[in-house]
Structures are given as C-alpha cells and as structure tokens.
Amino acid sequence: MDEVSIMSYTHIIGGIIAGIISFLFTVKGLLPVTNEMIGVLISLIIVYGLGKFAEKKYGREKIGLGSWFTNGVLPYYFMWMTVWILLLNYVKF
C-alpha cells in the first residue's frame, strides 16, 4: 500500500476512537465530567497528532497539506461524526 492509503486508514481508525471518546463525554453518568466541548477538543488534538505522526513517518514531500486534508482530515471528520451520532442514537442507557 502507498503512504496516502495508510494515512487514510490511520485517520479513519482515529476517527472511530474520537467518536467513542466524544460519546463518553456527552452521555451523563459515564464519566465524572459531562461536556461535549471536551470531547471536541480531544478530537481536534487527536487529528493534529495523527497529522504530525504521518508527516514525521512519511515526510512532508509525500504528505503535503492538501493531501493531509483530503485523505486524512476529511475521512477522520466523517468517521468521527458518524460514530458519535450512531452511538448517541442507538446506545440507550
């Protein structure tokens, strides 16, 4: 596999993890603190960290800003929102 595909898959997995974290901070009673903004901030930190990891691993020449946005940030965002919304709608406590 090429570097861009691997970067996309890592961002998708990161989006799934971020969706679960956001869900945990949204539902009352799961964590001591219930605040959606904390989940969003943690998710932004995760996507930034994944971008820096991809840049360090593959180099700035292969993973430019445009490539990172289209093949990293967008799949991350859509997977994060999908997992978060599905968990909010289908997991009942």
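Reader: Which residues of α3 are buried?

Author: Happy to help! They are Ser-67, Trp-68, Gly-72, Val-73, Tyr-76, Trp-80, Val-83 and Trp-84. Buried means under 20% relative accessible area, with exposed over 50% and partly exposed in between (1.4 Å probe, protein chains only). This is a predicted model, where local features need pLDDT of at least 70, side-chain atom pairs count only at pLDDT 80 or more, and totals for chains, interfaces and linings use all residues. Residues are numbered from 1 along each chain as its sequence is written, and side-chain values use heavy atoms, leaving out hydrogens and water.

Reader: What covers the buried residues of α3?

Author: The cover includes α1 (3-26) and α2 (36-58). Helices here are DSSP runs (H or I, at least four residues), numbered from the N terminus.

Reader: How do you know that the span of α2 agrees with its 23 residues?

Author: The expected span is 1.5 Å times one less than the number of residues. For α2 that gives 33 Å, and its end C-alpha atoms are 33 Å apart, so the two agree.

Reader: And what about the 26 residues of helix α3?

Author: Helix α3 (residues 65-90) should span 38 Å, and its end C-alpha atoms are 36 Å apart, which agrees. It bends by about 30° at Val-73, and Pro-75 follows within four residues. That bend is the angle between axes fitted to the seven residues ending there and the seven starting there.

Reader: Why is Leu-30 called partly exposed?

Author: Its relative accessible area is 33%, so Leu-30 falls between the buried and exposed cut-offs. Leu-30 lies in the loop between α1 and α2.

Key. Helices (H or I, at least four residues) and strands (E, at least two) are DSSP runs, numbered from the N terminus. Contact means heavy atoms within 4.5 Å.
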